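Please open the model in your viewer and keep the selection tool at hand, since this tour goes from one selection to the next and says what is there.

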Amino acid sequence: MTDLRADHLPPSGAPVRLWGRALKSRSLVLGAALTLIFVLAALVSFLWTPFDVTGIDIANKIKGPSARNPLGTDHFGRDILSMIMVGARVSIAVAFVAVGIGMAFGVPLGLWAAARKGSLLDEVIMRGNDLVFAFPSLVIAILITAIFGPSAVNAIVAIGIFNIPVFARLTRSGALTLWQKDYVLAARVAGKGAARISVEHILPNVTNLLIVQGTIQFSLGILAEAGLSYVGLGAQPPTPSWGRMLAESQTMISFAPHMALFPGLAILLTVLGLNLMGDGLRDLFDPKLRGRS
Amino acid sequence: MLRYTLTRLLSLAVSLAVASVVIFMAVEILPGDPATLMLGVNAQEDTLAALREQLGLNGSLWSRYLSWVGGMLTGDFGTSYTYRTPVAEMVGERLWISLPLAIYALTLSTLIAFPAGIWAASKRGSAADVGVMGVTQLGVAIPNFWFAMLMVVVFAINLRWFSAGGFPGWDKGFWLSMKSLTLPAIALALPQASILARVMRSSLLDTLSEDFVRTARAKGLSKRQALWRHALRNALIPVLTIIGLQFSFLLAGGIIIENVFYLPGLGRMIFQAVSARDLIVVESVVMLLVFAVIAVNFLVEISYALVDPRLRHGR
Amino acid sequence: QQADITIGQQLEPPHLDPTSAAAGAIDQVVYSNIFEGLTRFGPDGSVGPGLARSWDVSEDGLTYTFHLAEGVKFHDGTTMDAEDVVFSLNRARAEDSANAQKALFAGITDVVATDAATVTVTLSNPDGAFPFKMAWGDAVIVAPESIDGIKTTPIGTGAFMFDNWVEGDRIELKKNPEYWGEPAMLDAVTFKFISDPTAAFASMMAEDVDVFAAFPAPENLPQFDADPRFKVLVGSTEGETILAINNKQAPFDNVKVREAVAHAINRQEIIDGAQFGYGTPIGTHFAPHNPDYVDLTGQSGYDPEKAKMLLEEAGVTLPLKVKMTLPPPSYARRGGEIIAAQLRQVGIEAQIENVEWAQWLEGTFRGKDYALTIVSHTEPMDINIYARPDYYFQYDNADFQALIAKIDVESDPAARSEMFKQAQQVIADDYVNAYLFQLPLITVAKAGVEGLWENAPTQAADMTAVHWAE
Amino acid sequence: MSLLRIEKLDLDIGKRPILRDVSLSVDPGQIVGVIGESGSGKSMTAFTVMQLLPEGAVARGSVTLDGHDILTLSEPELCALRGNKVGMVFQEPMTALNPIRSIGDQVAETILIHERVSKTEALNRAREALARVELPEDRFPLTRYPHELSGGQRQRVVIAMAIALRPKLLIADEPTTALDVTTQAQILKLLERLVREDGMGMLMISHDLAVVSDLADEIVIMRSGEVVERGPCPVIFSALQHPYSISLLAASTHAPDRSVQVEDTPLLRVSEVRRSYRTPRKTLFGKPGAFEAVKGVSFDLKKGESLGLVGESGCGKSTLTRAILGLEEVQGGEILLAGEPVFTGHSPNRDVRRKMQVVFQDPYGSFNPRHRVDRLVCEPFHLLDTPPTGKARDRAIEEALTSVGLTAADRYKYIHEFSGGQRQRIAIARALIIKPELILLDEAVSALDVQVRAQILDLLADLSDQFGLSYLFISHDLSVVRVITDRCLVMKAGEIVEQGPTEQVFSNPQHPYTRELIAAAPDLPELA
Ligand SMILES: Nc1ncnc2c1ncn2[C@@H]1O[C@H](COP(=O)(O)OP(=O)(O)OP(=O)(O)O)[C@@H](O)[C@H]1O
Ligand SMILES: Nc1ncnc2c1ncn2[C@@H]1O[C@H](COP(=O)(O)OP(=O)(O)OP(=O)(O)O)[C@@H](O)[C@H]1O
Ligand SMILES: [Mg+2]
Ligand SMILES: [Mg+2]
Ligand code: NI
C-alpha cells in the first residue's frame with residue numbers, strides 16, 4: 001500500500017486554473033511577450049512596413065538610427081526596421097515549418113517505436129535516429145544546399161531532418177512511460193489496438209512534452225536558420241533574413257555597428273523569448289519540475 | 001560489461017556502414033564537376049577528359065564506393081582532387097587545430113558550467129540561482145558567430161589583446177597557439193557552457209530530491225556533503241551525455257566560428273571542399289566525423305557504466 | 001630593417017602548379033616569385049623580357065627565336081637551358097596536357113632548342129601577341145626533373161624559393177640567394193589565406209598581415225585611409241565586370257531587349273552601392289587603361305524610360321521573370337541585388353540565385369542555364385571571347401568573328417589598334433552584355449611597404465621589388 | 001526523563017498548516033507507534049524531529065531530544081545529532097540507497113561522518129552493523145551494490161546505517177509498507193530485536209493498525225495534522241474515545257455482508273496455463289532465455305463466486321490476470337470463459353472479452369487525465385459490435401455511475417476532481433458498464449486508506465448481490481481476501497500451492513507456505 005497521492009500530474013483539463021497560473025509565471029509572460037512582438041512584427045510586415053525592403057536607395061546608405069529610420073539603414077540604404085520585420089517572417093516561418101517536419105515524422109515514429117517496444121522495428125527506428133544524430137548537422141545542411149541550391153526551403157529541410165530524431169526520441173520515451181499506465185491496460189482490456197491507443201491515449205498525453213520541446217526546437221531552428229543564412233545558405237536575396245543581414249554587416253561592424261547590432265538583437269531576443277516560454281510552459285505543465293531547468 | 005560493450009560495438013559497426021552509404025550517395029549527387037572547377041573557363045574538352053581520368057572520376061558507382069570504403073578500412077582515405085595530397089595527411093594537420101580547439105572549448109565550458117550549475121542548484125531559488133540562470137538563458141540565445149564578431153571588434157581590433165584570427169602553428173610556440181585559439185574557444189564555449197550549466201543544475205536538482213539524498217542527510221551529512229558525495233556523481237549521467245554531444249558538435253560544428261577567425265580547421269576544410277567539389281575529401285571527412293561522433297557516444301556510454309554499477313553487470 | 005613580409009589574400013591555391021589549373025591564386029603566389037616565363041608582365045601591363053632576354057621575329061611572323069639568360073639555375077640547383085623551355089612548351093601543348101589555357105599554345109607547330117641558350121618556336125600563323133601569350137603564368141618554364149612534385153614543392157627559377165605550406169593557412173617563401181638577376185629585397189615572404197572579408201579587415205587592423213592584396217571589402221577603405229599606419233593603393237585590373245546576358249534565350253535574343261537592360265542599369269549606383277565608389281564605368285569589354293580603349297558608356301547611359309519603351313517595342317510582356325545567377329564574389333552578390341532592384345523599375349523581375357563557383361561553372365558557364373549573370377572577366381585582352389559562339393553568352397556574329405580572326409594575324413600595331421576599337425564598337429552596338437565597371441585592384445598595405453604592384457595586368461603578387469622603407 | 005518529547009508542535013509549509021498542536025513522547029527502550037491515514041502528517045512529524053523538512057517549513061513549539069531543543073539547534077549541531085543520536089529508516093527501500101555506491105561504503109559513511117576513525121576501522125564496524133541486521137559478510141560482501149539486493153535486504157542495509165552508531169532514538173517511517181508480508185514480519189522482528197538489545201527508543205510510523213499494535217508500547221493516532229488519541233497499547237483499543245479512532249478500528253476489521261448464491265457451473269476454467277517471458281540473451285549470440293512466470297496453473301471459478309488469489313509480489317498474479325483477460329497469449333494450457341476460449345488462434349476472442357472486466361490497483365493511473373468521466377466509463381463499449389449511442393449511451397453511463405454510488409452529474413467532470421476512493425468507484429463503473437459476468441480485481445483496494453477500503457469492499461459485495469457478478473480478487477493482503485472471498489488460491493512462484501474455501505484455508509492451512517503467510521500477517525489484538 002503506497003501513498004499515491006503525493007504530487008500527481010496536475011490535470012490538464014482545468015483551463016481556468018492553467019491560465020491563472022500561466023499569468024503568474026514570470027518567465028512565461030516575459031517569453032510569450034517577446035515572442036509575440038516578433039510574431040506580430042512578422043504578421044504586420046505582410047500588410048505594412050515603414051519602407052519597401054526591396055527598394056534600394058544608395059544615396060541613403062549606412063545611416064545610423066534617426067527619426068526617418070528608427071534602426072538606421074543598411075549598405076544599400078534599406079530601412080533596417082523594415083528588414084527586421086520581414087526577416088522575422090522568414091526566421092519564424094523556417095523554424096516553424098522545420099519543427100512541423102520534425103513533429104510530423106518524429107512523433108508517429110516515436111509512437112510506433114513505443115507501441116512495438118523491443119521489437120526489431122523499434123530497434124531500427126531508434127538506431128536510425130542515432131544515426132541522424134551522428135551526422136554533423138551543419139555539414140549536412142551545407143551538402144543539402146550544395147546539392148539543391150541555397151534557399152529557405154532547403155534550409156527548412158536541413159533543419160527539419162535534425163528535428164525528426166529529437167521528437168521521435170521524446171515521443172518514444174514519453175510514450176513508453178504512458179504505456180505502463182493502467183489506463184492503457186484498461187484500453188487494451190476494452191479491445192483497443194495499439195494504433196488506436198496511441199492516438200487516443202498516448203498522443204494527447206505527450207502533447208505537453210511536445211509543446212515544450214517544440215518551443216525549444218523552434219528557438220534552435222531560429223538560431224540554425226540564422227547560422228545557415230550567415231554562411232549564405234538560407235533565404236536568398238532580396239528576401240531579407242536576419243542571418244544574412246549579420247553576414248552583410250560584418251565588414252562594416254567597425255564603422256556601422258547598428259547594422260550588426262539590431263539583427264543580432266532580434267535573433268537574441270526571439271530565441272530568448274522562446275526559451276523563456278518553453279521553460280515557463282514546462283513549469284506550467286509539470287509543477288514537479290518547477291524551477292529545474 | 002563485456003556483453004554490453006560487444007552489443008554496442010556491433011550496432012556501432014552497422015551504423016557506420018549505413019552512414020558510409022548515405023554519405024557516398026549524397027556526395028555523388030552533388031552537382032558540379034571538380035575537373036571543370038579546377039581548369040576554369042578556358043579549359044578545353046580534351047583537357048577536362050584527361051583530368052577526369054586522372055582523378056578516377058570515370059569508374060562505376062559501385063566500384064568507386066567499394067574502393068573508397070576499402071581504402072578507408074586500410075587507412076587510405078584517398079587523395080584530394082585539388083590539393084593532390086593524401087586526405088589522411090590533410091585531415092591530420094587540420095585535426096591538430098580542430099581537436100585542441102574542441103578540447104579547449106569543452107574544457108572552458110565545463111570549467112564554467114560545473115561550478116555555475118552546482119552553485120545555482122545548491123542555492124536554488126536564491127538571487128544567485130536566478131542570476132546564473134538568467135545569464136545562461138542569454139548564453140543559449142546568443143548566436144555564437146555574432147558573439148564572435150563582437151569579441152573580434154572589442155578584443156582584437158580595439159584592445160588588440162588577441163589577434164583577429166589565424167593560427168600561427170604549434171611549432172611557433174604552445175602559448176602563442178593557445179592564445180590564438182582563445183577567442184574562438186570562448187565563442188564556442190559560451191553557448192555550450194550555458195546549456196551544460198542548465199543541465200548540470202537540473203540534473204543535480206533531480207538527484208537532490210531523490211530519497212537516497214534524504215537518507216544521507218539522515219546519517220548526519222550536511223547539505224554540502226550530501227551534494228558532493230551522493231548527488232553529484234548520480235547527476236553526472238545526463239551531463240556526460242551532453243558533454244559527449246557537445247564534443248562531437250565542436251569537432252565539426254565550429255565551421256562558422258572557424259570562418260570568423262579564419263582557422264584552418266576541419267569544419268572549414270569541409271566547407272571549402274564542398275565548394276571546390278573535392279568530393280573525396282568531403283566523403284572521407286564527413287565519414288570521419290560521423291565515426292568520431294559515434295565513437296564518442298560509445299565512449300560516453302561506456303563511461304556511464306563506470307559511473308553507474310547497475311550498467312556494469314549487463315542489462 | 002625588417003626583411004620579411006606577410007601578405008594576406010583571399011584564396012588559397014589548390015596546389016602550386018600554374019601550368020595545370022586555372023586558379024588565379026596559384027599565380028598570385030608563384031608568378032615571377034617562384035616561376036618565370038620567357039617573357040613577363042610589367043607592373044603597367046607591358047610585356048618585357050623574362051628568362052628570354054631578347055627575341056627575334058622572322059619576316060613572315062611565323063618564327064620566334066628566344067635568347068635565354070645565361071647561368072640560370074632552378075632552385076634545386078639544376079641548370080635552366082633551352083631543353084627545359086622545349087619541355088615546358090611541349091608539355092603545355094601536348095594531347096593529354098592539363099593546361100587550363102591550352103589555347104595560348106595552339107598556334108605553336110614546333111619548338112626547337114637551337115643551342116643551350118636559344119629556342120626557336122615555329123607558329124602556324126603569324127601572331128603579333130605571341131610574346132604576350134608567353135608572359136602568362138600558364139606558360140612558365142618548368143624542369144622535367146622536378147615536374148612530379150611541382151604541385152606541392154614547386155621548383156622554379158625565380159627570386160624566391162618555396163619554403164613551407166601549412167594547408168588552409170599560409171605558404172612561406174624564402175629568398176633565392178643564387179638568383180640570376182636582380183636579387184629580391186626581402187628575405188622571406190608569407191602568403192596568408194584569409195577568405196572572409198571581415199577577417200581580412202580584422203587581420204589588417206590587428207597588423208597580423210602587412211599587405212592585403214586584392215582587399216575584398218571596399219567599404220573598409222576609408223578607415224584604412226584615415227589611419228596613418230596604412231596606405232591604400234587603388235589600381236586597375238584586367239577585370240571587366242559585366243552583366244552577362246544569354247543571347248540565345250528569348251527574349252534576350254532580341255537586341256532591343258538587351259539594349260533595354262543596358263539602359264535600365266545605373267552604373268554609378270552599382271559602383272557606389274556594391275563597390276563603395278571603387279571602379280571605373282565601362283561601356284564595352286575592354287580595359288579603360290588600355291590605350292586602345294574607347295569610352296562607349298554614353299551609348300548605354302541610364303535611361304529607364306527608354307528602357308521601358310524599348311521593351312514595349314520589343315513586345316515583351318511585363319513583368320518579365322528571368323533567372324540571374326550570382327557567383328560568390330561580393331561585386332556579384334551585392335551588384336546583383338542592386339541590378340535586380342534597378343531592373344524591377346522597368347518591369348524585369350530578376351530572380352536571384354546565389355551559386356558557388358562549381359555550380360556557376362557547371363550550370364551557367366557550361367550549361368548556359370541562365371538569363372543574366374554577373375562576373376568579372378579578369379583575363380587580359382580577352383575581347384576575342386566574343387568570337388566564340390559557344391561561349392556562355394552565346395553571341396554569334398560572323399562579322400565580329402572575321403574581325404577577330406584578322407586581328408590575330410595582324411602584326412602592325414596601328415592596324416591592330418584600329419581593329420580593336422572597331423571590335424569594341426561592334427559589341428557595344430549589339431548590346432551583347434551590359435558592361436558595368438572595371439574591377440579595381442585594391443591593395444592595403446602598411447605605410448612602410450614599398451615596391452608593390454599597383455595594377456594587376458595579370459593575377460600576381462610580384463614581390464621581387466618589394467621592400468620596407470628606410 | 002523521556003528521550004524524545006514533542007510538545008505543542010505546529011508546522012506550516014508555506015502558508016499551509018500541516019501539523020497542529022502535536023504532542024508525544026518516547027522513552028528509552030519504548031516503542032511508540034504513530035498511525036493515521038495518508039496525509040495526516042505522520043511523516044512530517046518524523047521529519048521535524050530530524051529537521052529534514054521541505055523548504056519553507058516553519059515549526060513552532062518544542063521538540064526535545066535527549067536534552068537538546070531541536071528547534072533551536074544550528075545546522076552543524078543538527079548534523080552531529082543525525083545518524084549519531086537519532087537514526088531513521090524510510091519507507092521506500094528501493095530508492096533509499098545511493099545506487100552507485102557499495103553497501104559497505106554507505107554504512108561506513110555513517111561512522112566516518114561522526115567519528116574520527118580510519119576507513120578500515122569504519123568498514124569493520126560497518127561489517128558488524130550489517131551482521132547485526134542479518135546480512136552476514138560471507139553472503140553479502142560489503143562490495144555489493146544496492147541493485148544486487150532484494151527490497152527486504154535493502155531495507156536491512158538502511159537499518160544498518162541507522163543503527164551503526166547505536167543511536168538513542170530510531171525513527172521508522174512505514175519501514176515495511178513496500179514489502180511483502182513475510183518480509184514485513186522479518187523486518188519488524190529485526191527492528192524489535194535491535195530496539196530491545198540497544199535499549200533504543202523507537203518512533204514507528206504506519207498506516208496499518210495491525211502492524212503497530214503487534215509491536216508498540218504506546219500508540220498515537222493522528223488525523224489531518226492533529227493527534228486525536230494517545231495511549232498505551234493494547235489497552236487503548238478497548239478504550240478508544242475519539243470517533244475517528246473508533247471508525248478507524250472498525251474499518252480495519254470490517255467484513256462486508258455477502259449473500260450471493262454461488263451456482264455450480266464453472267464460469268471461468270483455467271487449466272494448465274503456462275506463461276513465460278523471454279529474457280535477454282546471456283551472451284551476444286546466445287539464445288534468449290525464458291522465464292516462466294506462471295507454471296501450469298489450473299482452477300475453476302464458479303458463477304457468482306468470489307475467488308481470492310493471494311501471493312507475494314512477483315509470484316505471477318498480474319501475469320495470470322493478463323492471460324485471463326486475453327491481453328497476452330499463453331504458452332500452454334487453456335483458458336475458457338463460459339466454455340469459450342479467450343484466445344482463438346492468435347487473436348483475442350471479443351465475444352469472451354465482453355464478459356469480463358478489470359479494476360486495477362492504482363486509482364490515479366487508471367484513467368486518462370484528459371478525458372471526462374463519461375468518456376472514460378464508456379471505453380469498454382469498444383468491445384460491443386453495436387455500442388449504444390445517444391440516449392441509450394447516456395442512460396448506460398448514468399446507471400453505471402449511480403450503481404457505484406456516484407451521481408449522474410459526475411459524468412461531466414474530469415478525473416482529477418475525484419478522490420482516490422471515488423476514482424476506484426469510477427473504475428468499477430467502467431467495469432460494470434458492459435454488464436460483464438466476471439470482474440477481475442487486481443489489488444483493487446490495496447492503495448486505499450482503510451476507511452475508504454471498507455466502503456469499496458461494501459460496494460463490491462453489494463454489486464455482486466445485485467448483478468450476480470463473479471470476482472477474481474487478487475491481493476497480497478490476507479485480511480482483505482479473507483473477508484471478501486468465498487474461495488481462495490494461494491500462489492507461489494507461478495504455481496498454485498493451495499486452494500480451498502477461504503475460511504478453511506485460513507484456519508487450517510495445509511501448505512507450509514500458506515502457513516508462513518498467515519503467520520506473518522500482522523493481527524489486530526483480539527478485542528473484548
Ligand atoms: N514537500 C511538501 N510540501 C508541501 N506540503 C507537503 C510536502 N510534503 C508533504 N506535504 C503535506 O503535508 C501533509 C502531511 O504529509 P505527510 O507526508 O506527513 O503525511 P503522512 O501521514 O506521512 O502520509 P502517508 O501515509 O501518505 O505517508 C500532507 O497534506 C501533504 O500534502
Ligand atoms: N514483461 C515481462 N517481461 C519479463 N518478465 C516479466 C514481465 N512481466 C512480469 N515479469 C516477471 O514475471 C513475474 C510475475 O510478475 P507479476 O507482475 O505477474 O507478479 P505479481 O504477482 O502481480 O506481483 P505484484 O504483487 O508485485 O504485482 C515477476 O518475476 C516479474 O519479474
Ligand atoms: Mg508518510
Ligand atoms: Mg501485480
Ligand atoms: Ni578581361
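The tour begins with how to read the model and then visits one chain, two interfaces, an annotated region and a single residue.

This is a predicted model, in which local features need pLDDT of at least 70, side-chain atom pairs count only at pLDDT 80 or more, and totals for chains, interfaces and linings use all residues. Residues are numbered from 1 along each chain as its sequence is written, chains are lettered from A and ligands numbered from 1 in the order in which they are written, and side-chain values use heavy atoms, with hydrogens and water left out.

**Chain B**

Select chain B, which has 14 helices and 0 strands; helices (H or I, at least four residues) and strands (E, at least two) are DSSP runs, numbered from the N terminus. Along the principal axes, the C-alpha atoms of chain B fill a box of roughly 85 × 55 × 35 Å. Of the 315 residues in chain B, 61% are buried, where buried means under 20% relative accessible area, exposed over 50%, and partly exposed in between (1.4 Å probe, protein chains only).

**Chains B and C**

Now add chain C: of the 5 pairs of chains in contact, chains B and C share the most contacts, a contact being heavy atoms within 4.5 Å. Here 51 residues of chain C are in contact with 45 residues of chain B. The area buried between chain C and chain B is about 3,600 Å², with carbon and sulfur atoms giving 52% of it; buried area is the accessible area (1.4 Å probe) that two parts lose on being put together, summed over both. On the side of chain C that touches chain B, strand E9 (170-175), strand E10 (188-193), helix H4 (197-205) and helix H10 (357-366) each supply at least two residues. The largest share of that side, 8 residues, comes from H10(C).

**Chains A and D**

Which pair of residues forms a salt bridge where chain A meets chain D? Select D:Glu379 and A:Lys192, whose closest N and O atoms are 2.8 Å apart; a salt bridge is a side-chain nitrogen of Lys or Arg within 4 Å of a carboxyl oxygen of Asp or Glu. The count between chain A and chain D is 1 salt bridge, whereas the rule finds 0 salt bridges across the interface of chain C and chain B. To show the side of chain A that touches chain D, include helix H7 (182-189) and helix H8 (194-230) of chain A, each of which supplies at least two residues. In total, 29 residues of chain A are in contact with 36 residues of chain D, and the two chains bury about 3,000 Å² between them.

**Chain D**

Stay with chain D and select residues 4-249 and 268-518, which the UniProt annotation "domain: ABC transporter" (unreviewed entry) covers. Over residues 4-249, chain D is 37% helix and 27% strand. Between chain C and chain D there is no contact, and their closest C-alpha atoms lie 46 Å apart.

**A:Met252**

Finally, select A:Met252, found in the loop between helix H9 (242-249) and helix H10 (257-285) of chain A. Is A:Met252 buried or exposed? A:Met252 is buried, with a relative accessible area of 0%. Not counting residues up to four places away in sequence, A:Met252 touches residues of two chains, including A:Ile62, A:His75, C:Glu219 and C:Phe276. A:Ile62 lies 190 residues from A:Met252 along the chain, and their C-alpha atoms are separated by 9.2 Å.

Conventions:
UniProt positions are given in the numbering used here, feature names are shortened, and annotations may be inferred rather than shown by experiment.
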